[in-house]
Amino acid sequence: MTNRVHIIIIKKIIGSHINKNNHKRFKNYMKEKAAGLIIGAHMSISDGYTAMVRDAISIGANAIQYFTRNPRGYGVRALDEDDIKNAFNLLSENGIPCSHIIAHAPYTMNPCSAKEDVRRFTIDIMREDIERLEHFPGTLYNFHPGSHTGQGVDVGIKQTALCLASIMTAEQKTVVLIETMAGKGTEIGHSFEEIRDIIDVAEAENTSIKGKIGVCLDTCHINDAGYDVINDLDGILERFDLVIGLKRLRAVHLNDSKNPFGSHKDRHEIIGNGEIGIQAIERVINHPHLRSLPFCLETPNDLAGYAAEIALLRTLYKN
Ligand code: FE
Ligand code: FE
Ligand code: ZN
């Protein structure tokens, strides 16, 4: 704690000296300072959990995202107890709780397909994913709400909601997150209202899961969907609070976009190289409603690129 600014802040918090009364506040301040920005990137799980956590730590991440299974083929490797134990140790040594881990469902499955066998398959896959994730209690399980494939938005919302109602239980520790979508093709969930409707129908169908569905905000997707991240971040979050409720917001996918506001395209870009731009991204990571959530990069990058983005974002984060 040699930085002059920090000393000034600490003096402001605790007064001129540490005594019994302000010691707790000082400790809390230091804890928060050490925690800082919670950020990670989308990682490969192909060599197991432990290798993935090791990779994440090597790029300066304190959050992680991975695909629960290969999107094509949907194969999933058998759970290896040693691997799980080693990954856990590595996570706890590095102060990464499971609530900073996003397990992303394969985006090629579709809970509101017009084809019944696709819907049934999606339910089976998601149910099995949730069962497996209970080995990492408190993990965030993120999924795309699906494409209605011509059935209409209302049918899509209902089918996705019924999928959630049937796979979720009151006992599960895994937090299911609906991702905000860009609205390409017949995708549902590109407005906060549609996401609220999915949650409402799911919770009405299965009242035991009330309050257990969260939301993951994707900055590329919402900007593409017509929420103006550059000029109206405050307005977007006010709207989110009004329609869904900010307590549901559990994670942020931090991506720039290759396409302009309202394009409904969903093409991610490296932070600062896209239409959203570095200044708006800086406001996102520092916004009072977002700054303590786990952020995850899904930008077109290799590990070195992610490490550079994470380092840049840490310098832009105001502690
Ligand atoms: Fe996604
Ligand atoms: Fe995303
Ligand atoms: Zn995307």
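These are my notebook entries on a predicted protein model.

**Entry 1: confidence**

I looked up the confidence before anything else. The mean pLDDT of the protein is 92, and 89% of its residues reach 70 or more. I then looked for weak stretches. Residues 1–16 have pLDDT below 50, and in the model this stretch makes 12 contacts beyond near neighbours in sequence. Residues 29–34 are also below 50; for that stretch I noted 3 contacts beyond near neighbours in sequence. Where pLDDT is low, predicted coordinates should not be read in detail. I take no detail from residues 1–16 or from residues 29–34.

**Entry 2: overall content**

I listed the secondary structure and found 11 helices and 10 strands. The protein has 319 residues, of which 39% count as buried. I also checked how far apart in sequence the contacting residues lie. Among contacts with a separation of 6 or more, 74% link residues 24 or more positions apart.

**Entry 3: the barrel**

Which strands make up the closed barrel, and in what order? I traced 8 strands in the order β1-β2-β3-β4-β5-β6-β7-β10, and the pairing is parallel. From one strand to the next the twist averages 30 degrees.

I followed the start of that order pair by pair. Strand β1 covers residues 39–42 and strand β2 covers residues 63–67; they run parallel and are joined by 3 bridges. G40 has A63 in β2 as its bridge partner. Going on from β2 to β3, I found 4 bridges, again in the parallel sense. There Q65 stands opposite I102 in β3.

I then looked at which way the residues of β3 point. In a regular strand the side chains alternate between the two faces of the sheet. Strand β3 spans residues 101–104, with I101 and A103 pointing one way and I102 and H104 the other. I checked burial on both sides: all four of these residues are buried. I102, the residue opposite Q65, is thus listed among the buried ones.

**Entry 4: helix packing around α6**

Two packed helices are described by the angle between their axes and the distance between the axes. I looked up both values for α6 with α5 and for α6 with α7.

Helix α5 (residues 116–133) packs with helix α6 (residues 153–167) at about 40 degrees, and the axes are 10 Å apart. The pair is therefore oblique. The crossing of α5 over α6 is right-handed. On the α5 side I listed R119, T122, I123, M126, R127 and I130; on the α6 side they meet Q159, C163, S166 and I167.

How do the axes of α6 and α7 cross, and within what distance do they come? Helix α7 covers residues 192–205; the two axes come within 8 Å and cross at roughly 45 degrees. This pair is therefore oblique as well, and its crossing is right-handed. The α6 residues here are V153, I157, K158, T160, A161, L162, L164 and A165. They meet E194, D197, I198, V201, A202 and E205 in α7.

**Entry 5: D241**

I picked out one residue in helix α9 (residues 233–243), namely D241. Is D241 buried or partly exposed? D241 has 15 other C-beta atoms within 10 Å, so I recorded it as partly exposed, since buried would need 20 or more. I also looked up its separation from F192. The two are 49 residues apart along the chain, and their C-alpha atoms are separated by 9.5 Å.

Terms used: Residues numbered from 1 in each chain as written. Chains lettered and ligands numbered in written order. Predicted model: local features only at pLDDT ≥ 70, side-chain atom pairs only at ≥ 80, totals over all residues. pLDDT = per-residue confidence, 0-100. Contact = placed C-beta atoms within 7 Å. Pairing = 2+ DSSP bridges. Helix = DSSP H or I, 4+ residues; strand = E, 2+ residues; numbered from the N terminus. Axes fitted to C-alpha atoms, helices over the stretch in contact; angles between N-to-C directions. Buried ≥ 20, exposed ≤ 12 C-beta atoms within 10 Å, placed from the backbone. Parallel < 35°, antiparallel > 145°, perpendicular 65-115°, else oblique. Left-handed = near helix turned anticlockwise from the far one by under 90°.
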